[in-house]
Amino acid sequence: MTPIKLIRLAPALVILGMGACNYDIANPNSPNVIGENPTRSEVAATANGILIATRADMADWALDGGIFGREAYRFDGSDPRFTGEMMQGPLDPGSRAFGGDHWAEEYTAIRTANDLLAVIGTATALTAEEQSATSGFAHTLQAYNFLIVLDTHTQDSIPIDVGTSVTDPPAPFQPNAAAYDRVVALLDGAVAELDAGGTTFPFALPSGFTGFDTPATFRQFNRALRARVAVYRGDYAGALVALGESFINAAAPLDLGVYMDFSAGPGDLANPLAISSQVGENFGHPSLRTGAQLQPGGELDQRFLDKLVTRPLRSAGTPQLLSSDLGWIRYPSPNSPIPLIKNEELVLLRAEANIGLNTLGPAVTDIDLVRTTSGGLAAYSGTVDQPSLLTELLYNKRYSLLYEGGHSWVDRRRYGRLADLAINERPGPPPDVIFTTLPIPTAEVQPRQ
């Protein structure tokens with residue numbers, strides 16, 4: 001098996017399944033990738049490069065976020081850092097694969113988008129509408145990648161005014177509040193660009209964007225991300241406005257959404273979290289079983305049953321006190337996509353916004369939709385007040401979004417409830433800890449000193 005921490009190096013050399021967009025970008029961050037007055041194929045190739053860079057960290061973030069949020073273990077006999085550094089510390093900012101992770105790929109995507117944005121207005125091969133649609137696409141993906149950096153780094157300083165090349169002078173660190181403002185500006189600005197973008201993009205999008213592959217429908221994806229950001233910032237009224245323009249739909253399948261494709265086909269990247277890739281190494285955290293609510297017939301929450309199965313017990317750690325017999329089946333195939341955002345999260349974001357506004361009846365309705373549809377659980381019967389419903393909401397977000405990108409960790413950190421997550425069995429020294437953030441990578445700090 002290819003170690004999951006090394007898979008990140010492959011996507012810059014492969015192509016997403018994008019129909020006619022079969023154009024290899026060996027270095028999507030290079031300023032030589034696209035120049036003035038690009039052709040249609042060059043625009044398509046650079047848009048593909050943004051997606052490649054975005055995809056590069058998705059599986060790794062799902063695993064690492066799962067470890068931080070006590071959703072997952074990784075028992076890797078060749079690399080004890082998964083149960084050492086990632087669970088006990090110290091996090092090493094000099095290691096791109098561990099403590100210094102979830103940074104380089106995101107900024108590669110952001111810079112690649114800057115490459116495209118710098119010249120898209122000169123592309124005479126595109127109509128003005130196509131130029132606008134392309135800008136809306138690029139700005140939306142930039143916002144998504146900035147948000148991942150903010151999810152993983154909370155020490156109130158990230159660079160946001162990055163250029164197009166790694167050789168540009170280092171952008172200054174800005175407060176996280178300013179970074180969130182930039183994310184909002186990117187998303188809101190992209191709406192106007194998508195609205196002026198006509199009916200089609202000048203490039204194909206991969207199959208995970210099916211239903212969201214025109215400027216008008218991609219706009220709904222943009223608004224879904226905007227709702228997530230608004231909830232994260234406590235702007236609950238703004239979240240409801242954004243959700244109203246997104247693809248939220250209580251009558252639609254809850255797994256409707258925007259996904260990043262993976263493939264075991266030649267020249268592409270298989271999902272490294274797929275069963276065939278990770279049996280014997282990636283395990284579910286035991287607290288997922290003990291914390292799962294019961295269906296009316298006595299079975300565990302259906303979301304638990306759909307994503308985990310019992311496997312032979314494995315142990316790891318120093319001392320060997322970490323153990324699990326829960327194997328992941330969340331991604332059953334090397335071709336299984338990973339969601340960027342889906343309807344189920346949107347319904348729960350609406351519930352979260354209404355809890356924040358103390359509009360509790362609609363919040364219960366949305367929580368019950370997810371509980372009964374995805375979890376097979378009975379309708380909520382607990383106390384209807386803000387503290388009780390927030391606890392119930394966080395439970396449902398945990399099981400609905402398991403192994404999809406650190407949601408348990410991010411959500412509980414936002415509410416100051418990281419102590420809700422199970423601390424593992426090792427008393428130390430050193431003891432197991434729940435981290436609040438990853439450190440800024442050393443390679444980013446040193447040039448600014």
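A salt bridge is taken here as a side-chain nitrogen of Lys or Arg within 4 Å of a carboxyl oxygen of Asp or Glu. In the predicted model, Glu392 and Arg371 form such a pair, with their closest N and O atoms 2.6 Å apart. The pair connects distant parts of the chain, as Glu392 belongs to helix H14 and Arg371 to helix H13, 21 residues apart. Both Glu392 and Arg371 are buried.

The structure as a whole contains 26 salt bridges. Another of these joins the side chains of Asp195 and Arg219, at an N to O distance of 2.8 Å. Asp195 is part of helix H6 (residues 176-195) and Arg219 is part of helix H7 (residues 215-232), so this salt bridge ties together parts that are 24 residues apart in sequence. A further salt bridge is found between Glu444 and Arg448, where the closest N and O atoms are 3.0 Å apart. Arg448 has a relative accessible area of 26% and is therefore partly exposed, since that value lies between the limits of 20% for buried and 50% for exposed residues. Salt bridges with shared partners also unite Glu352, Lys397, Asp411 and Arg414 in one network.

Helix H14, which contains Glu392, was examined further. The 15 residues of H14 (residues 386-400) should span 21 Å at 1.5 Å a residue, and the end C-alpha atoms are 20 Å apart, in agreement with that expectation. H14 is mostly covered, with 11 of its 15 residues buried. Among the buried residues are Leu389, Leu390, Leu393 and Leu394, together with the charged residues Glu392, Lys397 and Arg398. Tyr395, Asn396, Tyr399 and Ser400 are likewise buried. The elements that cover the buried residues of H14 include the helices H10 (287-291), H11 (302-307), H12 (343-356), H13 (360-373) and H15 (407-414), as well as strand E8 (338-342).

The packing of H14 against H15 was then described. The two helices pack at an angle of about 160°, and their axes are 9 Å apart. Because angles over 145 degrees count as roughly antiparallel, H14 is roughly antiparallel to H15. The crossing of H14 past H15 is right-handed. On the H14 side, Leu394, Tyr395, Lys397 and Arg398 take part in the contact, where they meet Ser408, Asp411, Arg412 and Arg414 of H15. Of these residues, Lys397, Asp411 and Arg414 also belong to the salt-bridge network that includes Glu352.

Helix H3 (residues 58-68) is also mostly covered, with 11 of its 11 residues buried. The buried residues of H3 include Asp60 and Asp64, the aromatic residues Trp61 and Phe68, and Gly65 and Gly66. Met58, Ala59, Ala62, Leu63 and Ile67 are buried as well. H3 is followed by Arg70, which has a positive phi near 55°.

Phe262 provides a further example of a buried position. This residue lies in the loop between strand E4 (257-260) and helix H9 (275-278). Phe262 has a relative accessibility of 5% and therefore counts as buried. The C-alpha atoms of Phe262 and Asn335 are 5.0 Å apart, although the two residues are separated by 73 residues in sequence. Residues up to four places away in sequence being left out, Phe262 touches Arg55, the stretch Leu269, Ala270, Asn271 and Pro272, and the stretch Pro334, Asn335, Ser336, Pro337 and Ile338.

Technical notes. Residues are numbered from 1 along each chain as its sequence is written. This is a predicted model: local features need pLDDT of at least 70, side-chain atom pairs count only at pLDDT 80 or more; totals for chains, interfaces and linings use all residues. Side-chain values use heavy atoms; hydrogens and water are left out. Helices (H or I, at least four residues) and strands (E, at least two) are DSSP runs, numbered from the N terminus. The expected span of a helix is 1.5 Å times one less than its number of residues. Buried means under 20% relative accessible area, exposed over 50%, partly exposed in between (1.4 Å probe, protein chains only). Contact means heavy atoms within 4.5 Å. Axes are lines fitted to C-alpha atoms, for helices over the stretch in contact, and angles run from 0 to 180 degrees between N-to-C directions. Angles under 35 degrees count as roughly parallel, over 145 as roughly antiparallel, 65 to 115 as roughly perpendicular and the rest as oblique. A crossing is left-handed if the near helix is turned anticlockwise from the far one by less than a right angle, and right-handed if clockwise.
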